[in-house]
Amino acid sequence: MYGGIIFVRTLPYKILEVKSMKLVRLLTVAFLLFSVSSSSAQDNGKAMNDALNQIPKYLKEGNALSLGQYFGSSVSLDILGTESMYSKDQAVQVLKSFFSKYQPKSFTIPYKSGGQQLKYIVGNLATQSGDAMRVSIFIKQDGENIQIQKMIVEKD
């Protein structure tokens, strides 16, 4: 009987010890996962920041080919009222044609918004011939993959 009481008295401590060990393991795994995911999120944030720096630069340069690296397999373009879904290669050709007619002089961004995975840029494109255009760009992030979903160019 005395041994049974000891067993009963020590049993909760052993259960707590086992639960504590499981909790420590669980917390360790959770901490490691959080560390990896936060560094991955920082890397993804860096990829988006890089894109947000490069896209305006390519627009200012009139570099359709470099912009095309941010197109997915298809992209929606609305260029001066002509809107359509294009393949990546077609979209690059449409932009090359646009830039040959309207050579960029400058591109400024007065407005940016969005969350971590979807950004929205509104920019002002000034051309060599004196035209003023408003450019709206919707950019989506899926992991490290950054894609322009839609681009709208309209005369201001």
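**Entry 1: strand pairing**

I began with a definition: two strands pair if DSSP finds at least two bridges between them. The model I examined is predicted. I looked up β4 and β5 under that definition and found them paired in the antiparallel sense over 9 bridges. Within this pairing, Asn-124 stands opposite Arg-134 in β5. I then followed the connection: β4 and β5 form a hairpin with 4 residues between them, and Gly-130 in the turn has a positive phi of about 95°.

**Entry 2: the other neighbour of β4**

I turned to strand β3, residues 104–114, which pairs with β4 in the antiparallel sense over 8 bridges. Here Ser-113 stands opposite Tyr-120 in β4. A hairpin again makes the connection, with 3 residues joining β3 to β4.

**Entry 3: the whole sheet**

In what order do the strands lie in the sheet? I read the order as β2-β1-β6-β5-β4-β3, an open sheet of 6 strands with mixed pairing. The edge strands are β2 (82–87) and β3, each of which pairs on one side only. From one strand to the next, I noted an average twist of 20°. At the β2 end, strand β1 (residues 71–79) runs antiparallel to β2, and 6 bridges join them. One of the bridge partnerships links Asp-78 with Glu-83 in β2. I next recorded that helix α3 (residues 88–101) packs on the sheet and touches β1, β2, β3, β4, β5 and β6 (145–155). The direction of α3 makes about 35° with that of β1.

**Entry 4: aromatic rings**

I searched the whole structure for aromatic pairs and obtained 4. For Phe-98 and Tyr-102, the ring centres are 5.1 Å apart and the planes lie at 35°, so I entered the pair as tilted. Buried or exposed? Phe-98 counts as buried because its relative accessibility is 6%, below the 20% limit. Tyr-102, at 10%, also counts as buried. Ring pairs link Phe-98, Phe-99 and Tyr-102 into a cluster.

**Entry 5: a ring pair across two strands**

I returned to Tyr-120, whose accessibility is 27%, so I entered this residue as partly exposed. Phe-138 is likewise partly exposed, with a relative accessible area of 26%. Tyr-120 and Phe-138 form a tilted aromatic pair, 4.6 Å from centre to centre with 50° between the planes. Which strands hold the two rings? I placed Tyr-120 in β4 (residues 118–127) and Phe-138 in β5 (residues 132–142). The two residues are 18 apart, and their pair links distant parts of the chain.

Methods. Residues numbered from 1 in each chain as written. Predicted model: local features only at pLDDT ≥ 70, side-chain atom pairs only at ≥ 80, totals over all residues. Heavy atoms only, no water. Phe/Tyr/Trp six-rings, centres within 6.5 Å; stacked < 30°, edge-to-face > 60°. Buried < 20%, exposed > 50% of the residue type's maximum accessible area, 1.4 Å probe, protein only. Axes fitted to C-alpha atoms, helices over the stretch in contact; angles between N-to-C directions. Contact = heavy atoms within 4.5 Å.
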